[in-house]
Amino acid sequence: MKRKIMFLVSLTFAATMWAQEVKEVRPLNRQAVEVIDREGHTTTIDFYGPNVFRLFRDDKGGILRAPEATPPAAILVDQPRRSTSVNILDNDTFYTISSKNGLRIDIAKASGLMSVINDQGKTILRQTEPVSF
């Protein structure tokens with residue numbers, strides 16, 4: 001049985017996400033972590049369940065919030081979260097963020113490039129270069 005994996009990506013994140021060295025990854029709460037780059041920019045990885053996460057970054061300031069749309073639209077469902085928790089591992093070359101019984105995200109410390117690995121160990125997304133527009 002195949003499982004669907006959903007990624008919610010905020011456009012404010014895409015242009016500058018992890019195009020440089022990652023300084024620190026720290027827990028925000030049980031389901032989210034903050035990734036801080038060497039220039040002090042913060043990206044939040046927020047898990048809605050074991051296989052669903054959202055990346056959020058706003059270099060103009062501000063904390064994690066619901067997506068904004070013009071014209072206004074309700075993008076998120078009323079009860080989006082399922083029970084999960086997140087662990088952070090720090091080794092020589094990577095930060096590893098894993099959800100309980102779900103996905104693992106590896107972020108290279110030197111480049112900030114990330115890979116997403118499912119619970120069977122298969123890489124389902126690999127960033128090969130920084131995003132640019």
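Visitor: Which strands each supply at least two residues of the lining of the second largest pocket?

Guide: Those are S4 and S5. Keep in mind that we're looking at a predicted model. The space in that pocket comes to about 180 Å³, and 13 residues line it. Closest to its centre are Thr-42, Thr-44, Asp-58, Gly-62 and Ile-63.

Visitor: Let's pick Ile-63, then. What makes Ile-63 count as buried or exposed?

Guide: Its relative accessibility is 69%. Exposed means over 50%, so Ile-63, at 69%, counts as exposed. You'll find Ile-63 in the loop between S5 and strand S6 (86-90). Its C-alpha atom is 9.4 Å from that of Thr-42, although 21 residues separate Ile-63 and Thr-42 along the chain.

Visitor: What does the chain look like overall?

Guide: There are one helix and 10 strands. Reading from the N terminus, the order is β-α-β-β-β-β-β-β-β-β-β. The chain has 133 residues, and buried ones make up 40% of them. Among contacts with a separation of 6 or more, 42% are between residues 24 or more positions apart.

Visitor: Why is the pair of Phe-47 and Phe-53 called tilted?

Guide: Start with the distance: the ring centres are 5.6 Å apart, and the limit for a pair is 6.5 Å. Next comes the angle, which is 40 degrees between the planes. Under 30 degrees would be stacked and over 60 would be edge-to-face. Since 40 degrees fits neither of those, the pair of Phe-47 and Phe-53 is tilted. The structure holds one aromatic pair, by the way.

Visitor: How do you know whether Phe-47 is buried or exposed? And what about Phe-53, buried or exposed?

Guide: Buried means under 20% relative accessible area. Phe-47 comes in at 0%, so it counts as buried. Phe-53 is at 2%, so Phe-53 counts as buried too.

Visitor: Which residues have the most contacts inside the largest nonpolar core?

Guide: Phe-47 and Phe-53 are on that list, along with Val-25, Ile-45, Ile-97, Ile-105 and Ile-107. The core has 16 residues. Strands giving two or more residues to it include S2 (22-29), S4 (42-49), S5 (52-57) and S7 (94-99). In soluble globular proteins, nonpolar side chains tend to be buried together.

Visitor: Which residues does Ile-97 touch?

Guide: Leaving out residues up to four places away in sequence, Ile-97 touches Val-25, Val-33, Ile-45, Phe-47, Val-86, Asn-87, Leu-103, Arg-104, Ile-105 and Ile-107.

Visitor: Now a charged one. What makes Glu-34 count as buried or exposed?

Guide: Its relative accessibility is 16%. That falls under the 20% cut-off, so Glu-34 counts as buried. Glu-34 is in strand S3. Not counting residues up to four places away, the residues Glu-34 touches include Glu-24, Arg-26 and Thr-42.

Visitor: And Gln-31, is that one buried or exposed?

Guide: Gln-31 has a relative accessible area of 13%, again under 20%, so Gln-31 is buried. Gln-31 lies in the loop between S2 and S3. Setting aside neighbours within four places, its contacts include Ile-45, Phe-47, Arg-81 and Val-86. Gln-31 and Lys-100 are 69 residues apart in sequence, yet 9.8 Å apart in space, C-alpha to C-alpha.

Visitor: Where does the charged end of Arg-81 sit?

Guide: Over the ring of Tyr-48, 4.5 Å from its centre. There's also Lys-109, whose charged end sits over the ring of Tyr-95, 4.8 Å from the centre.

Visitor: What is the phi of Asn-101?

Guide: It's positive, about 60 degrees, although Asn-101 is not a glycine. Most residues other than glycine have a negative phi. Asn-101 is found in the loop between S7 and S8. With a relative accessible area of 62%, over the 50% mark, Asn-101 is exposed.

Visitor: Last one: how do you know whether Thr-128 is buried or exposed?

Guide: Thr-128 has 65% relative accessibility, and exposed starts over 50%, so Thr-128 counts as exposed. Thr-128 lies in the segment after strand S10 (123-126). The C-alpha atoms of Thr-128 and Leu-113 are separated by 6.8 Å, with the two residues 15 apart along the chain.

Definitions and conventions:
Residues numbered from 1 in each chain as written. Predicted model: local features only at pLDDT ≥ 70, side-chain atom pairs only at ≥ 80, totals over all residues. Heavy atoms only, no water. Phe/Tyr/Trp six-rings, centres within 6.5 Å; stacked < 30°, edge-to-face > 60°. Buried < 20%, exposed > 50% of the residue type's maximum accessible area, 1.4 Å probe, protein only. Lys NZ or Arg CZ within 6 Å of the ring centre and 35° of its normal. Core = buried A, V, L, I, M, F, W, Y, C linked by side-chain atoms within 4.5 Å. Helix = DSSP H or I, 4+ residues; strand = E, 2+ residues; numbered from the N terminus. Contact = heavy atoms within 4.5 Å. 1 Å grid on protein atoms, 1.4 Å probe; cavity = no way out; pocket = protein on both sides within 12 Å on 5 of 7 lines; lining within 4 Å. Points joined across faces, edges and corners; volume = space filled by probe spheres on them.
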